[in-house]
Each structure stands twice: as C-alpha cells, then as structure tokens.
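The following exercises concern salt bridges, aromatic pairs, helix packing and surface features in one structure. Each task is followed by a solution in steps.

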Amino acid sequence: MAFVVCQPTAAVAIKSYTPDLMVHPYLRRSDDTDKTSEEIINNVAKLLPRLHVMVIGPGLSRDNMMLECAKGIIAKAKEKDLPLVIDADGLYLIQNHPEIIKGYPNAILTPNVAEFKRLCEEMINFEDNHKDKMAGLLSQAFDGVTIVQKGQYDLISNGNEVFKVDNEGGLKRCGGQGDILTGLIATFMAWGSAYHNKLWQHDNLISPSEVPMLASYAACTLTRECSRSAFKKFGRSVQTSDMINEIGPSFKKLYERSELVENDNKL
C-alpha cells in the first residue's frame, strides 16, 4: 500500500490516477496560511506507525514551507528508525542541511550525476578523475548513509564497501526512470523491515546493516532490466509507463526461484 502525502491542489489529480494510492493532502506551500509547519509535521507523523519505509523528494519542490516540513518529517521518521529513501528535491534539502541525515544508517540517497556532484562539493572535494571512489568518500562524509550514484553504471556504497551495477539497460533513459528506481529501493527496504520483523520464517542470515546495500543493488539491477526489456519492445518511443509494465516480469526473471515460478504457472 502506498500513501502519498501532498498539497491539496495535487490531491484530486493523484487520487484520480489510480485507486492504488492512499492520498493525504497535508502539505502546504509558503503562500498557504491555514496550517503551520508544526501542525503539518504532526499530521504526517500520525501515519508513521503504519509505514515500513518513507520516500522523500519526488514532487516536493524547493518551496521553503515544503522543505521545512520535510525536515521535521525526517526527524520524526528517524525517531522511529524508519527507513528513508531520499531523491530529487529531497537531495536539495540534504545538500543545504546535511546534518539532518548524517549518521543515520537507515537512509539511502539516490543522486543523479548533477545531484551527486553538488553533494560532493558540499561534503568533500569532488574529483572527476576519481569519480568511481567518490560514492564511498561521500558515504563516509555522511557517516555511513548509503549512496546510490546513478550513471552509465550505478555505484552503491555505505562507506565500507562498494557495489557496482552494470547489467544491460535500455538505450534510452526516460524521464521518470529515477523515480521508478527510488520506488523499487523503497519496496526492497520495506521487505527488509518485514524480514527483520519476522513476518515469515527464515534463517535470519541477513543483518539489518546489510539491507540498505542489498536493497539498492536489487533495485538498480531490476530497474536496468525493466529499461532493457521495455526498450526491446518499444525502441526510441519507450516511455516510463512502459518500464512500469515490465517490473513484474523482470522481477520474476531476476529473483524468483524456478520452482516458485512453476508453481505459479500451475496455479
């Protein structure tokens, strides 16, 4: 189940898009005067016990009121040790206020090339000729926050190790592909929370500290496979919505054991 917290003017359009989204029109811009930032933060905080993960950034804007509310919501989420995936304008917030996420190991930042460079310039000395080392250095500067450096290949680091994701993708990068990646990382992080909450029986071999890296790797690999598969069908006309339709088949191809797939087919 996905909850979307947004402005009232956006709520109707989002709710009309699909019944799969639970829409909460709690946010306000600076020119709205009917709610204070404290009221908004407290309203969103009431949702937190129902969540396994929170995504902050896509569609947020750089409005001062929206950013101030995002800061407060992040603080409330950290109090509950809630996994956070931060992208888009959420990264602009982190760039200007790195202290709000620094040292929180249950957070993942997903910068594109430009966002990554800006974060590096804020936290460390960016060196283009050593860009493959930058993800690890940036994670260390954030005291262990996981960094997903998106690009021709994706680099993922928690400051101690680096995963490289370079499986084949499509030859066209669609606008919105990064949002799919963010959503997939959040999904794998939510499954990680369910794993450690023992929602099913397992051998408990994966430690909580491993989940952000594994979730990011799985999501990056899956996003690239969705892109490859959609491009194979639609070529240069491929759109982000075409990638969404490939998530199920691509997940089955990459991650489901053959005996499970066979049982599904029999059912």
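**Exercise 1. Classify Arg28 and its salt-bridge partner by accessibility.**

Solution. The model is a predicted one. Arg28 has a relative accessible area of 10%. Buried means under 20%, and Arg28 is therefore buried. The partner is Asp34, whose side chain meets that of Arg28 in a salt bridge with an N to O distance of 3.0 Å. The relative accessible area of Asp34 is 49%, so Asp34 counts as partly exposed. The salt bridge thus joins Arg28 and Asp34, of which Arg28 is buried and Asp34 is partly exposed.

**Exercise 2. Determine which parts of the chain are tied together by the salt bridge of Lys150 and Asp87.**

Solution. Begin with the contact: the side chains of Lys150 and Asp87 meet at 3.7 Å, N to O. A salt bridge requires a distance within 4 Å. Next, locate the partners. Lys150 belongs to the loop between β6 (146–149) and β7 (154–157), while Asp87 belongs to the loop between β4 (84–86) and α4 (89–96), so the pair ties together parts 63 residues apart in sequence. Finally, consider accessibility. Lys150 is buried at a relative accessible area of 7%, and Asp87 is buried at 3%. In the whole structure, eight salt bridges are found.

**Exercise 3. Place the salt bridge of Glu225 and Arg228 within its helix, and identify the network that contains these residues.**

Solution. The N to O distance between the side chains of Glu225 and Arg228 is 2.7 Å. Both residues lie in helix α8, and because they are three residues apart there, about one helical turn separates them. Glu225 and Arg228 are both buried. The network of salt bridges links Glu225 and Arg228 with Lys253.

**Exercise 4. Describe the geometry of the ring pair Phe188 and Trp191.**

Solution. A pair of aromatic rings is described by the distance of the centres and the angle of the planes. For Phe188 and Trp191, the centres lie 5.3 Å apart and the planes stand at 90 degrees. Planes over 60 degrees apart count as edge-to-face, so this is the class of the pair Phe188 and Trp191. In sequence, the two residues are three positions apart in helix α7 (residues 177–196), which means that about one helical turn separates them. As for accessibility, Phe188 is buried, at 14%, whereas Trp191 is partly exposed, at 42%. Ring pairs also join Phe188 and Trp191 to Phe251 and Tyr255 in a cluster. The count of aromatic pairs comes to seven.

**Exercise 5. Why do the buried residues of α2 line one face of the helix, and which elements do they pack against?**

Solution. First, list the buried residues of helix α2 (residues 37–45): Ile40, Ile41, Val44 and Ala45. Viewed down the axis of α2, these buried residues fall within an arc of 135 degrees, and therefore they line one face of the helix. Then examine their surroundings. The buried residues of α2 pack against two strands and one helix, namely β1 (2–5), β3 (54–56) and α3 (64–79).

**Exercise 6. Locate the residues Ala88 and Asn204, and state the sign of phi for each.**

Solution. Ala88 is found in the loop between β4 and α4. Its phi is positive, about 50 degrees, although Ala88 is not a glycine. With a relative accessible area of 23%, Ala88 is partly exposed. Asn204 lies in the loop between α7 and α8. Phi of Asn204 is also positive, near 60 degrees, and this residue too is other than glycine. The relative accessibility of Asn204 is 41%, so Asn204 counts as partly exposed.

**Exercise 7. Identify the residues of the nonpolar surface patch of about 270 Å², and describe the setting of Leu214.**

Solution. The patch is made by Leu205, Ile206 and Leu214. Leu214 is located in helix α8 (residues 211–234). Its relative accessible area is 39%, so Leu214 is partly exposed.

**Exercise 8. Compare the separation of Lys133 and Val162 in sequence with that in space.**

Solution. In sequence, Lys133 and Val162 are 29 residues apart, and in space their C-alpha atoms are 8.8 Å apart. Lys133 belongs to helix α6 (residues 131–141). At a relative accessibility of 55%, Lys133 is exposed.

Definitions and conventions
Residues are numbered from 1 along each chain as its sequence is written. This is a predicted model: local features need pLDDT of at least 70, side-chain atom pairs count only at pLDDT 80 or more; totals for chains, interfaces and linings use all residues. Side-chain values use heavy atoms; hydrogens and water are left out. Patches are made of residues with over 30% relative accessible area and no salt bridge: like charges are joined within 9 Å, nonpolar side chains (Val, Leu, Ile, Met, Phe, Trp, Tyr) within 5 Å. Accessible areas come from the Shrake-Rupley method with a 1.4 Å probe; for residues, only the protein chains shown count as cover. Helices (H or I, at least four residues) and strands (E, at least two) are DSSP runs, numbered from the N terminus. Buried means under 20% relative accessible area, exposed over 50%, partly exposed in between (1.4 Å probe, protein chains only). The arc is that of the directions from the helix axis to the C-beta atoms. Contact means heavy atoms within 4.5 Å. Rings of Phe, Tyr and Trp (its six-membered ring) pair if their centres lie within 6.5 Å; planes under 30 degrees apart count as stacked, over 60 as edge-to-face and the rest as tilted.
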